[in-house]
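Colleague: Before I use this model, I should like to know what stands behind each of the terms applied to it. Please set each value against its definition.

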Amino acid sequence: MKVLIHETQATAVDCVAGLFAERLVKQPDTVLGLATGGTMEAVYARLIALHQAGQMSMAQARSFNLDEYVGLRPDHPCSYWYYMREKLFAHVDMRPENTFLPCGDAADPEAEADRYEAAIVGAGDIGLQLLGLGANGHIGFNEPTSSLASHTRIKTLTHSTRDANARYFDSFDDVPRLAITMGIGTIMRAQEIVLLAFGEGKAEVVAKMIEGPVSAACPASVLQMHRKVTVVIDEAAASKLSLRDYYEAVHPEVRAPK
Ligand code: F6R
């Protein structure tokens, strides 16, 4: 696990956008795994800027999002379909037919989850997966105690996750209870993973993910077992790491960019 500790949130975001753009330059037809949430908004804004500056094209890429709420139609303003169109797809050269999310309003959500997993496998699995981090350790919507080998399926959201996402809805009660999410096993098949977290509110879970035991109690800790993960954090999110000095010594270039 490569741990890159940035002085600020802004440079952490630039770093993630840079890694993403670099991968697309190297392999324009990369299968991308995309995330939503507050953390990713700044990354997508940066990617749009890179695209507009002619430094990044997504024209040949395909993308699969991590998750979608069960019961929300793609045009619902709180759906992740809507989020992706607003925050990224409408502003870059991604072809709509190459962007995939689970259908939250599918008549049979379980069958939809199976179909989505098969579509990811059919695409050859994810090349570069972007991840945010839930305060309870979730990745995608794989809540604590999720099977570390799971595939795309329906998960019941915890009260704390619904609470954290209630800001996007009119009220807590409007936040769906269920989501279709890529499984942890699905995510772990990605060739490369870049996880971004910032802010003091994530410090405790960042420490558990990087330095804690690998445990379904903190699903993100399974990333310790992945062969190519880059964790990009700011100083606030790094504040509870025991080996912070070590990570900074391994990657001094992060703090003193050339
Ligand atoms: C979103 C997702 C979630 C978020 C996580 C962090 O597609 O899969 O795992 O990445 O809940 O959310 P924010 O960034 O809002 O703190």
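Modeller: One classification is needed at once: Ala, Val, Leu, Ile, Met, Phe, Trp, Tyr, Cys and Pro count as nonpolar, Asp, Glu, Lys and Arg as charged, and the others, Gly among them, as polar. By these classes, the lining of the second largest pocket holds six nonpolar, three polar and seven charged residues. The model is a predicted one, in which local features need pLDDT of at least 70 and side-chain atom pairs count only at pLDDT 80 or more, while totals for chains, interfaces and linings use all residues. Residues are numbered from 1 along each chain as its sequence is written, and side-chain values use heavy atoms, with hydrogens and water left out.

Colleague: What makes a set of points a pocket, as opposed to a cavity?

Modeller: Both are found on a 1 Å grid over the protein atoms alone: in a cavity a 1.4 Å probe fits but cannot get out, whereas a pocket is an open set with protein on both sides within 12 Å along at least five of seven lines. Lining residues have an atom within 4 Å of a point. Grid points are joined across faces, edges and corners, and a volume is the space filled by probe spheres set on the points. The second largest pocket has a volume of about 310 Å³ in these terms. Its lining comprises 16 residues, with Lys 2, Leu 4, Cys 15, Leu 19 and Thr 230 nearest its centre. Two or more residues each come from β1 (2–6), α1 (9–26) and β10 (229–234), and α1 gives the most, with five.

Colleague: What is the volume of the largest pocket, and how many residues line it?

Modeller: The volume of the largest pocket is about 420 Å³. The lining has 23 residues, and those nearest the centre are Leu 133, Gly 134, His 138, Asn 165 and Lys 202. By class, eight are nonpolar, 12 polar and three charged. Helix α5 is the main contributor, with four residues; α2 (38–52) and α5 (159–165) each supply at least two.

Colleague: How are the helices and strands counted?

Modeller: They are DSSP runs numbered from the N terminus: H or I of at least four residues for a helix, E of at least two for a strand. The count for the protein is nine helices and 10 strands.

Colleague: Why does the radius of gyration agree with that of a compact globule?

Modeller: The radius is taken over C-alpha atoms, and the globule rule is 2.2 Å times the number of residues to the power 0.38. For 258 residues a compact globule would have a value near 18 Å, and the protein has 17 Å; therefore the two agree. The C-alpha atoms fill a box of roughly 50 × 40 × 35 Å along the principal axes.

Colleague: Why is Asn 98 called buried, and Ser 57 partly exposed?

Modeller: Buried means under 20% relative accessible area, exposed over 50%, and partly exposed in between, with a 1.4 Å probe and protein chains only. Asn 98, in the loop between α3 (80–87) and β5 (99–100), has 16% and is therefore buried. Ser 57, in the loop between α2 and β3 (62–65), has 37%, so it is partly exposed. Of the 258 residues, 54% count as buried.

Colleague: Which residues are in contact with Asn 98, and which does Ser 57 touch?

Modeller: Contact means heavy atoms within 4.5 Å. Neighbours within four places in sequence aside, Asn 98 contacts Ala 59, Ala 61, Arg 62 and Ser 63. With residues up to four places away likewise not counted, Ser 57 touches Leu 24, His 51 and Asp 93. Among contacts between residues at least 6 apart in sequence, 78% join residues at least 24 apart.

Colleague: What makes the phi of Asp 125 notable?

Modeller: Most residues other than glycine have a negative phi. Asp 125 is not a glycine, yet has a positive phi of about 70°; Thr 145, also not a glycine, has one of about 80°. Asp 125 lies in the loop between α4 (109–122) and β6 (128–131), and Thr 145 in the loop between β6 and β7 (153–156).

Colleague: How do you know whether Asp 125 is buried or exposed, and Thr 145 likewise?

Modeller: The relative accessible area of Asp 125 is 18%, so Asp 125 is buried. Thr 145 has 65% and is therefore exposed.
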